[in-house]
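Thanks for coming, everyone. I'd like to walk you through one model today, so let me put it up on the screen.

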2 protein chains.
Amino acid sequence: MAQQPANPLAEQVYIRIKDEIFDFHLLPGDRFTETDLSLRLGVSRTPVRDALYRLRREGYLEVGYRSGWSVVPFDFERFDELYDLRIMLEETAIERLCQVEGEQPLAGLKAVWLVAEDQRETDSHKMATLDEAFHCTLVEAAGNREMLRVHRELTEKIRIIRRLDFLKDNRISATYDEHAKILRLILRRKSTEAAILLRSHITQSKSEVRKITLHMLHEARGAMQRGSEMASAR
Amino acid sequence: MAQQPANPLAEQVYIRIKDEIFDFHLLPGDRFTETDLSLRLGVSRTPVRDALYRLRREGYLEVGYRSGWSVVPFDFERFDELYDLRIMLEETAIERLCQVEGEQPLAGLKAVWLVAEDQRETDSHKMATLDEAFHCTLVEAAGNREMLRVHRELTEKIRIIRRLDFLKDNRISATYDEHAKILRLILRRKSTEAAILLRSHITQSKSEVRKITLHMLHEARGAMQRGSEMASAR
DNA sequence: GAATTCTTATTTGTATGCAAGTTTGTATTT
DNA sequence: AAATACAAACTTGCATACAAATAAGAATTC
């Protein structure tokens, strides 16, 4: 039986706000209050505060002393550093996987990524999930749970921009090709070549994503301003 | 001017509980309630809860659904993995520092570690602080703030056992010798040698600390039981 | 008309009240 | 005597009330 989450309401609120941030419904710089949220979500301030403080610790929000909450702006330098850390973790994982004697625990990845072209996933959202799972599984297979934990936190933090990578079809097929190559190299214990390919794969994805994000932000800000103009016209 | 912390009371409670855990006043497995704490510290349950949930997210405490709080037991496998991650981060930092053109930002470390024997620190507590600062500065000098953040979190998590390393005098002088060697190698751009020495330096410290921790736990448990016997004698 | 001061409304930090669920001790039964 | 059923006390999750501090706006002064 599934154990009940610790604070059900706080957890729901946490997920709700995070989704709104990820969906660009709450934009960087937007301000709001605890009472706003508790009224809008129909719960009291207590679980709202729990969720907000959690999101603050994770770097999504900031709170002014008795002056309200706001969404922290995007910091692309920070994303660059997160991607850099990610590369380091995954390169280490690859090195260790290539040193494993006997069978590597990568059967699941083979079934997903070493498939015929007509078996490939085409949905952008599912593709984003598969991509995360690929890289996460590499780190998991290396066996250090703390590295896995850090990698998961990091994956969570870059997801907001990373998933935009699969809006273009050619990026989906490129990802399939590169994952297949990396996976084959690891299976053949070609540690160095795999690491080099991984680095360029991630770096490429990073620069693609950056372009799209700037575009999305521009769009969302435009829609917001048009929306607020309509709102203020009443 | 220093900005006021977000939740002053919750922050104080957080520090207080953490100190009690670190000082083995609260032992792994100990149970307590929110009301206990709020009475003992003279504040209401709200800031107490904020602090407890923060400590839970950081892995020090766990809460049962309406059945109280408890201190999570030591997990030496987890400490091993944290030390492993730490080595990886610091090795990467050394590699990058050795690739820096021109002056490396390590002047502060030279002033502390490349000194005559009679200039060396002897106090165990100060030594623990200096040791943390040495390794932290290496990572900081490498320039990636996310790696630094992870390293700091990790440093915080292993501090509870790591600081026990300096209770023996010979460990202090060994640390001085090894830090000096590592630092000189980095300044001479001997990346590989520095990394090897660093790994053995950290591994050595880890095994020393493990022995002492088991001893301390034994002692503390004994004192606790003697204490509770006295308490129950009234 | 611009700057400044004072007032008022807003906002978070903290304390407390209440309800649902768990644990523990006791009494009853086999 | 052991096991089980039951009840009372306890504990957390959530809601609400209150206080201190801030921000915004109005009134006043120069």
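**Two copies and two DNA strands**

So, how do the two copies meet? They meet through the same surface, because 100% of the interface residues of chain A are also interface residues in chain B, where contact means heavy atoms within 4.5 Å.

Quick housekeeping. This is a predicted model, where local features need pLDDT of at least 70 and side-chain atom pairs count only at pLDDT 80 or more, while totals for chains, interfaces and linings use all residues. Residues are numbered from 1 along each chain as its sequence is written, chains are lettered from A and ligands numbered from 1 in the order in which they are written, and side-chain values use heavy atoms, leaving out hydrogens and water.

Back to the copies. Chain A superposes on chain B by a rotation of 180° with 0.1 Å of shift along its axis, at an RMSD of 0.0 Å. That is the relation of a two-fold axis. The fit is by least squares on the C-alpha atoms of residues with pLDDT of at least 70 in both.

Now DNA strand C. Which residues are closest to it? There are 23 residues around this strand, and the closest are A:Arg49, A:Tyr53, B:Ser44, B:Thr46 and B:Arg66; a residue counts as near if one of its heavy atoms lies within 4 Å. Of the strand C atoms that come within 4 Å of the protein, 68% belong to sugar and phosphate.

On to polar contacts, meaning pairs of N or O atoms within 3.5 Å. The side chain of A:Arg49 puts an N or O atom 2.7 Å from a phosphate oxygen of DNA strand C. A:Gly68 uses a backbone N or O atom, 3.3 Å from a sugar or linking oxygen of that strand. B:Arg66 goes for a base: a polar side-chain atom lies 2.6 Å from a base nitrogen of DNA strand C.

And DNA strand D? Here 22 residues surround the strand, with A:Ser44, A:Thr46, A:Arg66, B:Arg49 and B:Tyr53 coming nearest. Again, sugar and phosphate make up 68% of the strand D atoms within 4 Å of the protein.

B:Arg49 has a polar side-chain atom 2.7 Å from a phosphate oxygen of DNA strand D. For the bases, B:Arg45 has a side-chain N or O atom 3.3 Å from a base nitrogen, and B:Arg66 has a polar side-chain atom 3.3 Å from a base oxygen of DNA strand D.

So keep an eye on B:Arg66 when you look at the screen: its side chain has a polar contact with a base of strand C and with a base of strand D.

Methods
Polar contact = N/O pair within 3.5 Å; in protein donor to acceptor, adjacent residues only side chain to side chain.
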